[in-house]
Amino acid sequence: MEMEQVNALCEELVKAVTVMMDPSSTQRYRLEALKFCEEFKEKCPICVPCGLRLAEITQIAVVRHFGLQILEHVVKFRWNSMSRLEKVYLKNSVMELMANGTLSILEEENHIKDVLSRIVVEMIKREWPQHWPDMLMELDTLSRQGETQRELVMFILLRLAEDVVTFQTLPTQRRRDIQQTLTQNMERIFSFLLITLQENVNKYQQMKTDASREVEGKLDDRKPLMILFGDVAMHYILSAAQTADGGGLVEKHYLFLKRLCQVLCALGNLLCALLGLDANIQTPVNFGKYLESFLAFTTHPSQFLRSSTHMTWGALFRHEILSHDPSLLAIIPKYLRASMTNLVKMGFPSKTDSPSCEYSRFDFDSDEDFNAFFNSSRAQQGEVLRWVCRLDPKTSFQMAAEWLKYQLSAPIDTGPVNSGTGEGGYCSIFSSSYAQWEAMTFFLESVINQMFRTIDKEEVPVNDGIDLLQMVLNFEMKDPLILSCVLTNVSALFPFVTYKPEFLPHVFSKAPRTRAVRNVRRHACSSINKMCRDYPDLVLPNFDMLYSHVKQLLSSELLLTQMEKSALMEALVLISNQFKNYERQKLFLEELMAPMVNIWLSEEMCRYSEKVIKPLERHPNEKEAPGLPLVLKMAITFCVHSILGVLRRTSWPSDLEEARAGGFLVGYTPSGNPIFRNPCTEQILKLLDNLLALVRTHNTLYTPEVLAKMAEPFTKVLDILESEKTTILGLPQPLLEVNEHPVYKTTLERMQRFFGILYENCYHILGKAGPSMQQDFYTVEGLATQLLGSAFVNLNNIPDFRLKSMLHILEMALRNLEEAFPEVARHQPEERAVVRNNQPLLGGGEDEIAEDNPESQEMLEEQLVRMLTREVMDLINEEMMAAEVTPSSMAELTDLGKCLMKHELSSQVMSGTLLADAVTWLFTSVLKGLQMHGQHDGCMASLVHLAFQIYETLRPRYLEIRAVMEQIPEIHKESLDQFDCKLLNPSLQKAADKRRKDHFKRLIAGCIGKPLGEQFRKEVHIKNLPMLFKKPKPMLETEVLDSEGGGLATIFEP
């Protein structure tokens, strides 16, 4: 009767398992089947015979695995209620399954082996060694029956060692019994492992000996593939490619082309791998035909096929032998011609202006995907072009020159899509002309840069390069996108000017003279800056010409924006560094900065605070231009950017002798470091008072009183910019936005950007002032008082995203002070300490940000708090603590750290006299962190260690922390009393740190968060067995004497 019941239940279980594992089953049937199986495991009294029946070797793997899972469930959750005979029966049945119920080692499924080993280990954890003393002997016998059984025994030993030693998932007593027994039997276990290892090594050596001839023939095995380089194979490959490519895009044919391209790539890589390894392998006779076939895929309209060939082309051009092959050298002009086509960004899936578009719609989901793929492919192609230029620099330069000349003479085609701005319309990023110009510019840059690295100086085509540069400079164009490419070509061709310095004035004559498009002017200013930075010696002889040219531009209010004016001033400062004469450079900077200094020190600028707040209080009318006066914004922007540019670019000579000769060196520190003076110091210090006033005004804008007065449109002018949000959250910027026109179109957006940039730049100036002016800045009288009254005003109301830049800048300034001028640090520690004491608590101050997206807003605030906390801790650690020591005493603190210890709050922290509420809050916060993040092992370990340290350190002085512990769910008061008793009684011998920490972890286990999958897991209970190893009871001294016979009197017997 029982067998019939077993058979019937097994049939039902097989059906249920089949339904659960069938992907076509509906959710309803799958849930019903799962419920049936789970109820069976929990309630059925005949689980063991059913599990054994389902685990038979005749069943399919899924059913066998489920049967073994039933047996594992029985061992884990019913073992304690089973009779001894039932346990023995189950153990013998499982051992029989491993012996005769498994397939060969390569046929048996890994998950079957895993669950079998788990069942045996669960039984071992409950019965060995007390009730199963022959376990190791049985495993040894089992291992001799075959390779599968030997592997199963290895799995059993591995899992047992992991559970007992590594993961320690057993009760303490059971773990101790098993571990000690394993230790006692370690010789037998190692003997088994060594014998197994030796047998398999012998088999491997035998196989290696038998296959030695095959190993020698591996290269020969690959040689037959070289037949594909023959005439017939190449003919069929080309014919197949032409047939598949005919008649437009057919999915089946296109997939065939992809596979065929992979074959050709594999052939090229195979040739690169074989050639040079064996003297018998030569370059194929039809290598040229192969290259022609491969080039056909490089010129295919599909961007995917083109990109697939780049890596192989690179391998061919880099190969030591093939790179000098005449066939490959002959194909270079054709490859360059193909590259000129492939570099043109055409084929967007949403367009129909190229044959590539049809293939792109097959390969890419959107224009963004295509753009990302194309940019990556173009970077690979640029690397290949540089290798080609190494092999044939003259041809590469000639083709680049021809392409540039063609583009200079070709008419501009804006295409059907244009920006719609300016007279006649300008090109967009989709315009054909811009795509051609962009590709040509990339090609020219790759070739020119590599050519100057490859060929000798005497072989450089100077005249051709100068002619090209002259043509570019003479090219007249108003389209902003094309102009941007033209400026890039000027920068790429500039190295030719080093051979003919007299041509430099013609280059600078290309500087922007119109107010056409902002990005083009900025590009031009950046190009001039780059030339002055990279070739200062070349530009120095023409300094007067450049200076007069820049002065002319600076004198006009209409030609350049304020940022562009400051950029040109930076270029002049860079060249002035080559004067290498302190007095001359100082006089020049005084003359250069004079217009800016007059503006900055004017009475109008001194009333900035009044001028910036009143417009924000006024509600704008539709006809009124609200916000700050334009003239005021322009003046402030120009001055702040100029101050920052001068500080950033002015420097003394790097050579010590040149610095001494030029008058820059003023002495040495006690440690022997040179002390320099900066030519811009005198001018910058004049501007410091107004700069600090500007910073104070900006910080004051965040006070509740001022915010309450702001009119409705301007309440968000102090919010974080969207671009900053994107950066903080780590989100990618939009791929296709190449907008040459102003992005900030509304008054609110422009004001928001104005305040954001101005705030950042002011703190950049304060950060650069120390490294640039060094002792002259740090010794300013009353510097700390001035900083406290400006840069550190109202910090509690300033949002976190503003504090981030402040911390970064201060870290740079303070680090420079500590490293370069320790004697100044000794005299000025109070100033810096007061600055640090005004740091606000982190975590508040994002209330102003719009709440259109609460989830994104929460992520932004969380990320800001993390970043700020990390930067604050790094700043404190670097500035307070001495190198490579622990903060255990005042002697290990820096001067700044010692000064901080004099502050009341710092003294409270170090002396342990914190308020009880602060201690309670700190400990509660750590426990809440455990509740939230305890499910992650890394977080749990750190937080448990932190909680343990806090409790051990503060519990003797604060009874309130005990009250927090008592609120932890499921805490055992007796265990807590025991822990406190040992902690508070110094006379008791302290247990080892690990044991104390384990005890504490058990106490707070109720507040440690668990993953969702473990919150409702059924508990596994493993009973302790009779103790196997009992510690002998220590005998009293009198008992020891009595046990020796004769008692005390025997000691005195002769």
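Visitor: Let's start near the beginning of the chain. In which helix do Arg 28 and Glu 32 lie, and how many residues apart are they?

Guide: Both sit in helix α2 (residues 27-43), four residues apart, which is about one turn of the helix. Keep in mind that this is a predicted model.

Visitor: And what do their side chains do?

Guide: The general idea first: side chains of opposite charge can pair when their charged atoms come close. Here, Arg 28 and Glu 32 meet in a salt bridge, at 3.4 Å from N to O. Arg 28 is exposed, at 58% relative accessible area, while Glu 32 counts as partly exposed at 42%.

Visitor: Is the pair Glu 122 and Arg 126 buried or exposed?

Guide: Buried means under 20% relative accessible area. Glu 122 has 9% and Arg 126 has 3%, so both count as buried. These two also form a salt bridge, at 2.6 Å from N to O. They are four residues apart in helix α6 (residues 110-127), so about one helical turn separates them.

Visitor: Which residue forms a salt bridge with Lys 91?

Guide: That's Glu 138, with the closest N and O atoms 3.3 Å apart. Lys 91 belongs to helix α5 (residues 84-100) and Glu 138 to helix α7 (residues 135-143), so the pair ties together parts that are 47 residues apart in sequence. Lys 91 counts as buried at 14%, and Glu 138 as partly exposed at 24%.

Visitor: How many salt bridges does the count come to?

Guide: It comes to 34. Some residues are linked in a network of salt bridges: Arg 955, Arg 962, Glu 966, Asp 977 and Asp 980.

Visitor: What about charges on the surface: which residues gather in a patch of positive charge?

Guide: For a patch, we look at residues with over 30% relative accessible area and no salt bridge. Arg 176, Lys 982, Arg 995 and Arg 1002 make up the positive one. Arg 1002, in helix α52 (residues 993-1003), is exposed at 56%.

Visitor: Which residues form a nonpolar patch on the surface?

Guide: Phe 190, Leu 194, Leu 197 and Val 201 do, with about 390 Å² of accessible area together. Phe 190 lies in helix α10 (residues 186-210) and counts as partly exposed at 48%.

Visitor: One last arginine: what does the side chain of Arg 802 make a polar contact with?

Guide: With the side chain of Tyr 702, at 3.0 Å. Arg 802 sits in helix α42 (residues 800-820) and is buried, with a relative accessible area of 1%.

Definitions and conventions
Residues numbered from 1 in each chain as written. Predicted model: local features only at pLDDT ≥ 70, side-chain atom pairs only at ≥ 80, totals over all residues. Heavy atoms only, no water. Patch = residues over 30% accessible without salt bridge, like charges linked within 9 Å, V, L, I, M, F, W, Y side chains within 5 Å. Areas by Shrake-Rupley, 256 points an atom, 1.4 Å probe, with all protein chains shown as cover. Salt bridge = Lys/Arg side-chain N within 4 Å of Asp/Glu carboxyl O. Lys, Arg positive; Asp, Glu negative; His and termini not counted. Charge placed at Lys NZ, Arg CZ, Asp CG, Glu CD. Helix = DSSP H or I, 4+ residues; strand = E, 2+ residues; numbered from the N terminus. Buried < 20%, exposed > 50% of the residue type's maximum accessible area, 1.4 Å probe, protein only. Polar contact = N/O pair within 3.5 Å; in protein donor to acceptor, adjacent residues only side chain to side chain.
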